[in-house]
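Biologist: Before I ask anything, please show me the chain and the model.

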Amino acid sequence: MAMKSKVLIVGGTGYLGKRLVKASLAQGHETYVLHRNEIGVDIEKVQMLLSFKQQGAHLVAGSFNDHGSLVNAVKLVDVVICAISGVHIRSHQILLQLKLVDAIKEAGNLKRFLPSEFGTDPARMENAMEPGRVTFDDKMVVRRAIEEAGIPFTYVSANCFAGYFLGGLCQPGFILPSREHVCLHGDGNQKAIYVDEDDIATYSIKSIDDPRTLNKTVYIRPPKNILSQREVVQIWEKLIGKELRKSSISDQEFLAIMKEQDYAEQVGLTHYYHVCYEGCLTNFEIGDGAEEASTLYPEVQYTTVEEYMKRYL
Ligand code: NDP
């Protein structure tokens, strides 16, 4: 059997990053996690890194301000997965990855790079609205740098993180489901795709040694999790044994409210608009040059929306 690749996770203490570390270890990869000098005395991060070490990961000291340290870290492994922040209401550092791309180019040994994507496919968002298009534009800048450098890649388009979208019944600004009321986007019938963050990590790690995903985009579309907001609400109503009161917000009202928010909020709301009103995640077929994760890896028992939502009971 082929050797499993050695993996470096960058951004390993993050919301998705910590799940990538766990999945990499669980799938038997020798796993390295970048320990950035800048985290200093952030006790939560340091404790998390130590817990990774206890679980068998190697910690590698490095910094985005120290090119040589990144090159040395990359030279230790076959695959780099970056999960650096890209949500404006938390932090958005997507372009810092250009430094990582430079380091990977210089190291010259990498078999695969998975940049921090894990959302809507930015290549399909050339007509996205301001200001949220910055996320897609920045991710495309990183893609171009990767491809110009000839670095082998896989782009993971993970659709909606379940924690944000299911937790809030698809309403921006909410991450716990109400037992009383929900506001629907228009008629609430536009389909989106919800994926448990641990499953995103599992599928991402599965893809790294797979020749079928080399230089391709992998969309994660678990068939049972392609649902409209109304269908998500119905699942929740069944779980709590009660119907919610429903109101609705039109696309024009949504956009008007969006314009009154601060910049970071507007970026997030733009993304919700494209997903919930335009159906940008489901309005295309997966074509040549791309793959679908649950088809490639049918052995993964992914978490269904209903299973995921039970945690909120
Ligand atoms: P986080 O906000 O949790 O941050 C991840 C890590 O980024 C941090 O733990 C840190 O890593 C690193 N980081 C943050 N700031 C800096 C900095 N200044 N310099 C260097 N490293 C820094 O990220 P998420 O997990 O929320 O996002 C990861 C990816 O997932 C992004 O591409 C994002 O766009 C996408 N995403 C998609 C969603 C969806 O619904 N599809 C929802 C949320 C995110 P460390 O300290 O360990 O080095």
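Biologist: Where does Thr303 lie?

Modeller: This is a predicted model, so local features need pLDDT of at least 70, side-chain atom pairs count only at pLDDT 80 or more, and totals for chains, interfaces and linings use all residues. Residues are numbered from 1 along each chain as its sequence is written, and side-chain values use heavy atoms, with hydrogens and water left out. Helices (H or I, at least four residues) and strands (E, at least two) are DSSP runs numbered from the N terminus. By that scheme, Thr303 is in the loop between H11 and H12.

Biologist: Is Thr303 buried or exposed?

Modeller: Buried means under 20% relative accessible area, exposed means over 50%, and partly exposed is in between (1.4 Å probe, protein chains only). Thr303 has a relative accessible area of 17%, so it is buried.

Biologist: Which residues is Thr303 in contact with, leaving aside its neighbours within four places in sequence?

Modeller: Contact means heavy atoms within 4.5 Å. One such residue is Asp199, 104 residues away in sequence, with 7.2 Å from C-alpha to C-alpha. The full list for Thr303 is Asp196, Asp199, Asn225 and Tyr308.

Biologist: Asp196 comes up there. Which residue forms a salt bridge with Asp196?

Modeller: A salt bridge needs a side-chain nitrogen of Lys or Arg within 4 Å of a carboxyl oxygen of Asp or Glu. For Asp196 the closest N and O atoms are 3.8 Å apart, and the partner is Arg311.

Biologist: How many residues apart are Arg311 and Asp196?

Modeller: Arg311 is in the segment after helix H12 (305-309), and Asp196 is in the loop between S11 and helix H7 (197-207). The pair therefore links distant parts of the chain, and the separation is 115 residues.

Biologist: What is the relative accessible area of Asp196?

Modeller: Asp196 counts as buried. Its relative accessible area is 7%.

Biologist: How many residues apart in sequence are the parts tied together by Lys206 and Glu299?

Modeller: Lys206 and Glu299 form a salt bridge, with the closest N and O atoms 2.8 Å apart. Lys206 lies in helix H7 and Glu299 in the loop between helix H11 (293-296) and H12, so the parts they tie together are separated in sequence by 93 residues.

Biologist: Does Lys238 count as buried or exposed?

Modeller: Lys238 meets Glu306 in a salt bridge (3.6 Å, N to O). Glu306 lies in helix H12 and Lys238 in helix H8 (residues 229-240), so the pair ties together parts 68 residues apart in sequence. Glu306, at 29% relative accessibility, is partly exposed. Lys238 has a value of 60%, so it counts as exposed.

Biologist: How many salt bridges does the structure hold?

Modeller: Besides the pairs above, there is a network of salt bridges that links Arg19, Lys22 and Asp198. The total for the structure is 15.

Biologist: Which strands stand at the edges of the open sheet of 3 strands?

Modeller: Two strands pair if DSSP finds at least two bridges between them. The order of this sheet is S8-S12-S15, with parallel pairing. Two of the strands have a single partner each, so one side of each is left without a neighbour in the sheet; these are strand S8 (154-157) and strand S15 (290-292).

Biologist: How many bridges join S10 to strand S14?

Modeller: S10 is mostly covered, with 4 of its 5 residues buried. S10 and S14 (residues 245-249) run parallel, and His181 stands opposite Arg245 in S14. The number of bridges is 5.

Biologist: How far apart are the end C-alpha atoms of helix H10?

Modeller: The expected span of a helix is 1.5 Å times one less than its number of residues. Helix H10 (residues 263-276) has 14 residues, so it should span 20 Å. The distance in the model agrees: 20 Å.

Biologist: What is the relative accessible area of Leu169?

Modeller: Leu169 is in the loop between H6 and S10. Its phi is positive, near 50°, in a residue other than glycine. Leu169 is buried, and its relative accessible area is 0%.

Biologist: Which peptide bond is cis, with omega near -10°?

Modeller: Pro131 sits in the loop between strand S7 (112-114) and H5. The cis bond leads into this residue, running from Glu130 to Pro131.
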